[in-house]
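User: Please go through how the two domains of one chain meet in this model.

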Amino acid sequence: MITENSDVILSVNNLTATVENTPILKGMNLEIKAGEIHAIMGPNGSGKSTFSKVLAGHPDYAVTGGAVSYLGQDLLALEPQDRARSGLFLAFQYPLEIPGVSNLDFLRVSYNSKRKHEALEELDAFDFDDLVHEKLGVVQMDAAFLSRSVNEGFSGGEKKRNEILQMAILEPKLAILDETDSGLDIDALKIVAGGVNQLSNAQNATLLITHYQRLLDYIIPDYVHVMANGRIIRTGGKDLALELEARGYDWVLEAEAV
Amino acid sequence: MISSPQMRLTEGGAYLTQLLEMAGATASGDSALQVLRSAAAGRVQSQQFPTTRDEEWRFTDLADLLKLELITQPATVADISPYQLAEAPYRLTFVNGRYLPELSQAENLPDGLNIGNLAGLPDLQQYLAQQGAEELFTALNTAGLNDAAVVHVRKYAVVPSPIHLLFISTADQFTQPRALIVAEANSSVTLIEEHLSLSDTPYFTNSVTEVFLADSAEVNHSRIQRDADSAFHIGKTAVSQMRGSRYTCNAVSLGAKLSRHHLEIYQTGEQTETTLNGLTVLRGEQVGDTHSTIALTHPHGTTRQLHKTIIDDRAHGVFNGKVYVPQAAQLTNAGQLNRNLLLSPKARIDTKPQLEIVADNVKCTHGATVGQLETDEVFYLQSRGIDADSARKLLVNAFAYEVISQIPVDSLQQTLSRSVTTR
Ligand SMILES: Nc1ncnc2c1ncn2[C@@H]1O[C@H](COP(=O)(O)OP(=O)(O)OP(=O)(O)O)[C@@H](O)[C@H]1O
Ligand SMILES: [Mg+2]
């Protein structure tokens, strides 16, 4: 939802980044305001996941230029955990398996580190249990997943749901969902999309990275951006996604090359 | 002063003689026990003190042990309550090798269970020193043997709660704990053998535990070594398994400047099951060595071994796992996995699986991995608001948990989990 004069949550200016000295991001520009839903689409290897990981602070990526301001502060100066605690959330394209760490413990430690950051009292195991059970409903996930190790042996779709469960618990200010729709069956896609919609409001914002217009039938974006070769080369409304679905990327890439 | 190998040998020989004296190895008396002791003393005298030139001690240098000035002295401990395990009501406590009934709980035992010291259960002497007896440190222990923690489970008895064998050492001591477990046919028992100290000054513990499983007996044995960081610990666990028996060892080593645990499994009948879970956690300049020998001499045996080592700072881990499957041991299923987690660039592991498989119709797998904490895993946790240090601790604990979770006493699991990541 686009609202006049709403607060800027994220502002990316001419961001460049490398991985192992190879430039991947080559001048990203993006502004996201409270209440908005943005979608980034683009060919494989264009740098979408790299962009999301740079925002989250992955140590393998080196920022070589530009600036990112998040809620008015210099995002790039923050440690990854502090970005998360101030409400930045990345749902991974490939969520990691962490054998030996129970999902429930993980969620509680994560939730409490955010509470602590906000100078709120940490929740004990008992109260947290109540909270989790309430949030399980958002993604219609079985409580049995809580006692298993984080993502260990989860199916592709279950991992994605688990990411959204984490999002539901952490209630981020800016949620970046990297291909959360891939690997989901049709019912799961509706459930996950429903969860995301339920969590989005006028104070927060969502950035979806996706290859498929299908997701955008359920989560209606305010802006659709096309990313290619490390930059956003075109921005439009939700209709752009339909056009891309019908025509592919070539016409955008060609128009850009001219 | 740099000592030449020759000097080291002379030094070592003198040291052994000194240890034998301290162990109270005398030739007097003709009791059955004395016969064992004398024979063992002879075996010690016929061997040389190991150096890194011995294949079996290649990575584990005992040179610093020679510098220790040791004593043997009876002592007591005012309060063992911090070490008591609520879940393990039966307990035998030994301090500096001496049985302390007042710190033990060997009364009101369930039917079919007898526990106590050797003096109280002399009938079981016949089982002593039957396995792995040749080896130098086992012989040294036997040469000084005058008491032992004894657990005797009669036929068909199923002991409902764990038995805690608590061996405590005080400063400067040369202590030789000894335990003897006899599980008769179809019996079942759970043991927690624990070695610890109340002191920070160096001492030397040389322990031997013998476990006998008769037909279809089941023994679940957790062996916890949390000696002082300055201590030397050499330990032997020798197990013999008759037909259809099931033995599990959960060995956790956290303490000692230098520790060596040698597990020996002898199969004396068909269809045995052996599960060995091991965890060694090393930091500072600790050296932690696990040797295991599994000798499968009968058909249809199953062994599963998982040994994990976590190594930080400049510590050094050693794993050597031997599995023998001779022609007779057809249809054996043996799996061995050694996984190592290096937490610092100076940490070191030497791992060597040694499989000798002659039988043709068997299934044997083995593997060793050496890894570090994955940047991506740490980042994943950080991206959920967990700081890097806590994330690393969480991951290290998770690595350890696979073994710690096997210990059937919750309070001990928690104590151990805490000490894996706290200095
Ligand atoms: N850690 C890395 N090491 C080497 N190359 C990398 C690394 N991470 C990303 N790259 C490279 O950067 C480029 C962009 O990758 P990225 O994952 O950001 O693409 P993407 O747009 O998310 O693609 P997809 O649609 O396939 O998910 C690719 O060529 C990729 O191989
Ligand atoms: Mg991607």
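The turns below cover the domain contact in chain B.

Analyst: The model is predicted: local features need pLDDT of at least 70, side-chain atom pairs count only at pLDDT 80 or more, and totals for chains, interfaces and linings use all residues. Residues are numbered from 1 along each chain as its sequence is written, chains are lettered from A and ligands numbered from 1 in the order written, and side-chain values use heavy atoms, without hydrogens and water.

User: How far apart do the C-alpha centres of domain 1 and domain 2 of chain B lie?

Analyst: Chain B splits into domain 1 (5-269) and domain 2 (374-423). These bounds come from an automatic or database domain assignment. The C-alpha centres of the two domains of chain B are separated by 30 Å.

User: Which three residues supply 39% of the area that domain 1 of chain B buries against domain 2 of chain B?

Analyst: Buried area is the accessible area (1.4 Å probe) that two parts lose on being put together, summed over both. The two domains of chain B bury about 970 Å² between them, 76% of it on carbon and sulfur atoms. On the side of domain 1 of chain B, the 39% comes from Glu87(B), Asn250(B) and Leu254(B).

User: How many salt bridges are there between domain 1 and domain 2 of chain B?

Analyst: A salt bridge needs a side-chain nitrogen of Lys or Arg within 4 Å of a carboxyl oxygen of Asp or Glu. Between domain 1 and domain 2 of chain B, the count is zero.
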